[in-house]
Amino acid sequence: MTITYKDEKGIAGMRLAGRLASEVLDYLTPFIKPGITTNQIDKLAHDYMVDVQGCVPAPLNYTGGGNKPYPKSICTSVNQQVCHGIPNDKPLKKGDIVNVDITVIKDGWHGDTSRMFLIGECSIAAKRLCALTHEAMWHGIQMVKPGATLGDIGHAIQKFAEGHGFSVVREFCGHGIGQGFHEEPQVLHYGRPGTGEKLVEGMTFTIEPMINAGKKEIKEGPEQDGWSIVTRDRSLSAQWEHTVLVTPTGYEVLTLSAGSPPTPAFVK
Ligand code: MF3
Ligand code: CO
Ligand code: CO
């Protein structure tokens, strides 16, 4: 597969899909409280995507080329879960942190975004990890413009995250996105400035750093479900994700909506 460049029609499709994915998170937000199960969140999200938005939930039955079909419509990764947590019947409890990752398909185009949610009162360490991971994602987004490289994005994220004593997960990365869920290129969240693919107007890809409070190493989750990934040292892990478009002068974040958290003050 190769990188796809979106024309005006493709950009319009990606804008709509991106906004709808973000609006699923807006819709879910008031429900994500102590006592709700991730299966209940999955059901709310599924019904909203299908019945209200007329979208297809991209994760449902997704194989990612080789994996077993993903059984749910969203990913919910709690505490030490890094990514691809499968919703289940365990209630969320005060002090948990959870990533909810939504990917919709609208008119054939994909929108992919995730946010962290704090369940009730959380530890200072948990709040700090979630807030700084959001900032790390935005440091990466800010690098996006024609002529910049993928390494510029990765470096900005890595430098910021490691500068705060956190670590960057290596095994999972952002990705090109369009009519395919996971297209080229791979968008690493670490790297060296000036290395890697040059960014070109019309590219659309995700930036979705997974940042661990402890060490960067990961392993398969104890569920042995073929998807869930946890930190090897059982430290907390956070992730935020946006889908972005390379514009003639910089970037446009496609996965914004009324309920998106404020953009950090350092973003120009
Ligand atoms: N939404 C995830 C991403 O950001 C991918 C989930 S694949 C699934 O790339 F099958 F686990 F849903
Ligand atoms: Co993604
Ligand atoms: Co995602």
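Reader: What makes Asp101, Asp112 and Glu241 the protein donors of the cobalt ion (ligand 3)?

Author: In this predicted model, Asp101 (OD, listed twice), Asp112 (OD) and Glu241 (OE) lie 2.0 to 2.4 Å from the cobalt ion (ligand 3). Donors are N, O and S atoms within 2.8 Å of the metal (3.2 Å for Na, K and Ca), so these atoms qualify. Water is not among the atoms, so sites may look incomplete.

Reader: Why is the arrangement around the cobalt ion (ligand 3) called irregular?

Author: Its 6 donor atoms subtend angles of 59 to 165°. Six donors count as octahedral if opposite donors are over 155 degrees apart and all others between 65 and 115; four count as square planar on those terms, or as tetrahedral if all angles lie between 85 and 135 degrees; anything else is irregular. The range of 59 to 165° therefore makes this arrangement irregular.

Reader: What spacing do the donors of this ion follow, and which parts of the chain does the pair Asp101 and Glu241 tie together?

Author: The spacing along the chain is D-x10-D-x128-E. Asp101 belongs to strand β4 (residues 97–106) and Glu241 to the loop between β13 (237–239) and β14 (242–246), so the pair joins parts 140 residues apart in sequence. Helices (H or I, at least four residues) and strands (E, at least two) are DSSP runs, numbered from the N terminus.

Reader: How do you know that Asp101 and Glu241 are buried?

Author: Buried means under 20% relative accessible area, exposed over 50%, partly exposed in between (1.4 Å probe, protein chains only). Asp101 has 11% relative accessibility and therefore counts as buried; Glu241, at 1%, also counts as buried.

Reader: Which residues coordinate the cobalt ion (ligand 2), and what makes its site irregular?

Author: Asp112 (OD), His175 (NE2), Glu208 (OE) and Glu241 (OE) coordinate the cobalt ion (ligand 2) at 2.0 to 2.2 Å. The angles among its 6 donor atoms run from 51 to 161°, and the site is irregular. Asp112 lies in strand β5 (residues 109–118) and Glu208 in the loop between β9 and β10 (210–212), so this pair ties together parts 96 residues apart in sequence. Asp112 has 2% relative accessibility and so counts as buried, and Glu208 is buried with 8%. The two cobalt ions, ligand 2 and ligand 3, are 3.4 Å apart, and Asp112 coordinates both.

Reader: What makes the approach of Asp101, Asp112 and Glu208 to ligand 1 polar?

Author: A polar contact is a pair of N or O atoms within 3.5 Å; within protein, one must be able to donate a hydrogen and the other to accept it, and residues adjacent in sequence count only if both atoms are side-chain atoms. A polar side-chain atom of Asp101 is 3.1 Å from a nitrogen atom of ligand 1. For Asp112 the distance to an oxygen atom of ligand 1 is 3.1 Å, and for Glu208 it is 2.8 Å, also to an oxygen atom.

Reader: Why is Thr29 called partly exposed?

Author: Thr29 has a relative accessible area of 32%, so it is partly exposed. Thr29 lies in the loop between α1 (8–28) and α2 (38–52).

Reader: What conventions apply to the numbering and the values?

Author: Residues are numbered from 1 along each chain as its sequence is written, and chains are lettered from A and ligands numbered from 1 in the order in which they are written. Local features need pLDDT of at least 70 and side-chain atom pairs count only at pLDDT 80 or more, while totals for chains, interfaces and linings use all residues; side-chain values use heavy atoms, with hydrogens and water left out.
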